[in-house]
Amino acid sequence: MSPKKVPIPEQKPEERIKNFREVALGYTPEQAMEEATRCLQCKTRPCVAGCPVNVKIPEFINKVAEGDFDEAARILVSENCLPAVCGRVCPQETQCEILCVRGKKGEPVAIGRLERFVADYAMEHMSQEIPKIKKNGIKVAIAGGGPAGLTCAGELARMGYDVTIFEALHALGGVLMYGIPEFRLPKRLVAREIANALNLGVKIEKNVIIGKSIKVDELFAEDFRAVFIGCGAGLPSFMKIEGENLNGVYSANEFLTRANLMKAYDFPNSPTPIKVGKRVAVIGGGNVAMDAARTAKRLGAEEVYIVYRRSEAELPARAEEVHHAKEEGIIFRLLRNPVKILGKDGWVTGMECVEMELGEPDESGRRRPVVKKGSNFSFPVETVVVAIGGTPNPLIRQTTPGLETQKWGGIIVDEATMKTSKEGVYAGGDIVTGAATVILAMGAGKKAARAIHEALQKKTS
Amino acid sequence: MYPILEKKNLNNNVEEMVIRAPYVARHCEPGQFIILRVDDEGERIPLTIAEYDRKQGTVTIIYQVAGYTTRKLSEKKVGEGIVDFVGPLGQPTVLHPVKRVIGIGGGVGAAPLYPQLKKLSEMGTSVDVILGARNKDLIILEEKFSRFCKNVYVTTDDGSYGAKGLVTEKLKALVEAGEKYDEVIAIGPVIMMKFVSLLTKPWNLKTNVSLNPIMVDGTGMCGGCRVTVGGQTKFACVDGPDFDGHQVDYDELMRRQSMYKTEEAHSCKIGLRPS
C-alpha cells in the first residue's frame, strides 16, 4: 500500500493567482476510493478522539472504500453538520490525521480530503434527508450565526428545541462568510451547508445584535430558556505604531470582509470598494495573514509580503496554507517586526522594520523574538494589512450582568459544559478561546447543545 | 424586509423615511445610528437615527442623496422595503441637564442633532440652534427645531436665507454679544466641526461632535472607522460616534473619509446610468 496520500488535484499557482476560484479541486470517486483503502480500520480509532466533533471517521471511510458514498455521507452528517466546510478548513494535521496509525510510517490517511469528497458528493447527488423531529416547544436563543452557533443550533433543533439564531450581520456563517476567502472555501458551499443545517426548523433573526438590539436578560423574559453565546473574537488588534491610521492600512478583518462578504473583488459590479497597491505587506503569520496575502495577490498586487516577527518554524498558519502562499509567490519576510508605517500626504508609502532574533522560550513555549539593535530598515509598500488577531466583542459582556470574563475579555466557561457564570447562559468559540479554529468552535457548540439539553430536561421533568 | 412606511422630501436632495424596525426602535437613543443595505447586492452604509417611536416600532432616517447607495435608497417607495437595517449601533449621547446648550447643525447634520436637542429640552435645558447650509434649499427641520428651541438661527453661505455666512461666524457673534452657553453640540461636515471646535477651545466651551467615518459592519469588527481622539485610536462605531470636539484629529478624519474618492466617483456614475 502506498505510504503517501493520493495527491489532490489543484489549480496551478500561475493560473489561480488570477482568479478567486478554489485552489484544491477535490478527489474523483476513483481517487477517493483508492485513498480510502489506505485506512487500516483499526479498532482503537485514535482519529475519532482527535476530532472535536467526533466524526465516525473509520466508518465513513470504510463506506467510501466500498463505493457507497450515500451511506458515507449519512455517517458523516450524523456528527458534523458542516462537512464540506470542515473538509476544507480543519487543521486535520494536528487533530485527526496526526493520530492516524498509518502516519507512523509514511503519510496518514487523507481524512480531510475524504471528508470533503463525501460532503461534495452528497451536495451534488443527494437530497437532504430531514429526520422526523418531535418538537418540544422549548425556546433556546443563539447569539451569533458562526460555526459555534450554527452547530449548537443544529444539534438542539435535532433534539426538538425551538431554536432562534440572532445574527448581527446580513448573512449567516460568521468567519466562514466574511473571513475565509472564496478560493479556500467557496461561499456557495457554505450557504448550502448552512441551509441544510438549519432545515431542521431553526429560526433566523438577521441584523440583530445581542447586547444592543436586545439584551440577554430580555431573551429570558421572552421565554427563551437558555442562551448560547458564540459571537466571535470580534475586534481587530492593531500594532499601536506610528502611521497605523494612514490611508491604505487595513485590519485583516476589514480587508477580508470587503473582499469576501461584500465581494469587493467584483467592484464596480459590487458597490463596495477595496484599495490594493502594487506592493502589499501583511503583518502576522497565522491563517488569516495567509488569507489576506493571497487575496491581495489575486486583487492585483505585484509584490506581497508576509512580515512576521518569529521564524518559519513558529508560523501559526497551517503548513498547507504557507505552502500554497509560497507557491503563489508571496514573499516571506521572517524575523522582521514593523516599528513604523511610513506615509506621504496621508497615504502609506512604506514600512520601517527591525530585524529580530529568537531568544529563550516565553510562556507560550515559543522562542521569544528579540530586537537586533540598530537593524532598522525600510521598504516601499502602498497597502498594509494588520493580521495579528483580535479581542472579543465587548457588547454582550457590557450588557449582561453576572457574566464573568477573563481580563482579556473572553467569557469564562466550565469546559465540560460550556456553562458560564450566569444561569442558563452558555458560550463557545472564539468568544471563549480567543481566535482559534472553525472546528474547535463547532466542538464547543456541540458540547453546549448537549449540556443545555441535559439542564433543560432536568428542569422540565 | 424592513418596510418603508413614510417618505418625504425635506428639500431638493434630502429625504426622510420612516421604517419599521422594531429591534432598532426598542432600545435606540439619541446619538446612535443604524447600518442599512438597500438590496441584496448593496453595500452597507451607516445613517444616524433622527427619530424613533418605540410603540410603533419605527425609526426615522434622514439622508442626503449623494452617492450610489443613497440614490438606490431614494428610488424606493412607500410600501416597498429595504433588505437590511441593523442597530442601534454606537454609544448613546451622554446628555447632561445643564442650563443652556446651543446646537449647530450643518446641512444634513441637523438630522442627528435633532433628537439630542429635543431630549435635552425635555430634560429642562434651554436650547438654541444654529442651522447652516450652502443655500436655502439645504436647510432642513427648521420648523421642528422651532417647536422647542428658544432661538433658531439660520445661516447660508450665499445669503439666500437667514444670515449670510458660516455657522462659526454666527456662534462667534452670539458669544461676543454676551450669550452664555454651557455646552455646544456640533454635527455636520467634518470641516465645520473642526472650525467650531477651534473656535470654542480658547473659550473653554465644552463641544461635542458626532463623527461619521467610513465603516463596514458597525459593531467593532472591521476597524475601518478608527479616529484619533486625544492621541488615542478609537473606533467610532463602538467608542463613539460622539466625541469631545476638542480632542478629535479632524485632518486625519477628513483624509480617511476620502480614501475611496476615486472609486466613489466611479460608482456614482454607474448609479446615474438610466436603468
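**Exercise 1. D291(A) and helix α12**

Task: Leaving aside the neighbours of D291(A) within four places in sequence, find which residues are in contact with D291(A), and state whether D291(A) is buried or exposed.

Solution: Setting aside neighbours within four places in sequence, D291(A) is in contact with G179(A), I180(A), P181(A), F183(A), R184(A) and L256(A), where contact means heavy atoms within 4.5 Å. The model is a predicted one, in which local features need pLDDT of at least 70, side-chain atom pairs count only at pLDDT 80 or more, and totals for chains, interfaces and linings use all residues. Residues are numbered from 1 along each chain as its sequence is written, chains are lettered from A and ligands numbered from 1 in the order in which they are written, and side-chain values use heavy atoms, with hydrogens and water left out.

Next, locate the residue: D291(A) is found in helix α13, residues 287-298 of chain A. Helices (H or I, at least four residues) and strands (E, at least two) are DSSP runs, numbered from the N terminus. D291(A) counts as buried because its relative accessibility is 2%; buried means under 20% relative accessible area, exposed over 50%, and partly exposed in between, with a 1.4 Å probe and protein chains only.

Finally, follow the contact partner L256(A) into its own helix. L256(A) is one of the buried residues of α12(A), a helix covering residues 252-259 of chain A in which 8 of 8 residues are buried. These buried residues pack against α9 (175-178), β5 (235-236), β6 (249-251), α13 and β14 (383-386) of chain A.

**Exercise 2. Three residues in other settings**

Task: Decide whether Q11(A), Y2(B) and K136(B) are buried, partly exposed or exposed, and then describe what surrounds each of them.

Solution: Begin with Q11(A), which has its place in the segment before α1 (13-16) of chain A and counts as buried because its relative accessibility is 8%. Beyond four places in sequence, Q11(A) is in contact with R16(A), N19(A), R21(A), E22(A), V23(A) and L25(A). The C-alpha atom of R21(A), 10 residues away along the chain, is separated from that of Q11(A) by 8.7 Å.

Turn next to Y2(B), which sits in strand β1 (residues 2-9) of chain B and is buried, since its relative accessible area is 15%. Its contacts, not counting residues up to four places away, include K206(A) and N207(A) from chain A, and also I19(B), R20(B) and F85(B) from chain B. By contrast with these contacts, the C-alpha atoms of Y2(B) and G105(B), 103 residues apart along the chain, are separated by 28 Å.

End with K136(B), which lies in the loop between β9 (126-133) and α4 (142-146) of chain B and counts as partly exposed because its relative accessibility is 47%. K136(B) touches T156(B), S160(B) and Y161(B), apart from residues up to four places away in sequence. Between the C-alpha atoms of K136(B) and Q91(B), 45 residues apart along the chain, the separation is 32 Å.

**Exercise 3. The two chains as wholes**

Task: For each chain, report how many helices and strands there are, and check the radius of gyration against the value for a compact globule.

Solution: Chain A has 17 helices and 16 strands, while chain B has 9 helices and 16 strands. The radius of gyration is taken over C-alpha atoms, and the globule rule is 2.2 Å times the number of residues to the power 0.38. For the 461 residues of chain A the rule gives a value near 23 Å, so the 23 Å of the chain agrees; for the 275 residues of chain B it gives a value near 19 Å, and the 18 Å of that chain agrees too.

Then consider burial: 58% of the residues in chain A are buried, and in chain B the share is 56%.

**Exercise 4. Confidence**

Task: State what the mean pLDDT of chain B is, and where in chain B the pLDDT is below 50.

Solution: pLDDT is the predictor's confidence in each residue, from 0 to 100. Its mean for chain B is 91, and 96% of the residues of this chain reach 70 or more. Over residues 268-275 of chain B, however, the pLDDT is below 50, and this stretch has 7 contacts in the model beyond near neighbours in sequence. Where pLDDT is low, the predicted coordinates should not be read in detail. As a last step, note that the model scores ipTM 0.88 and pTM 0.91.
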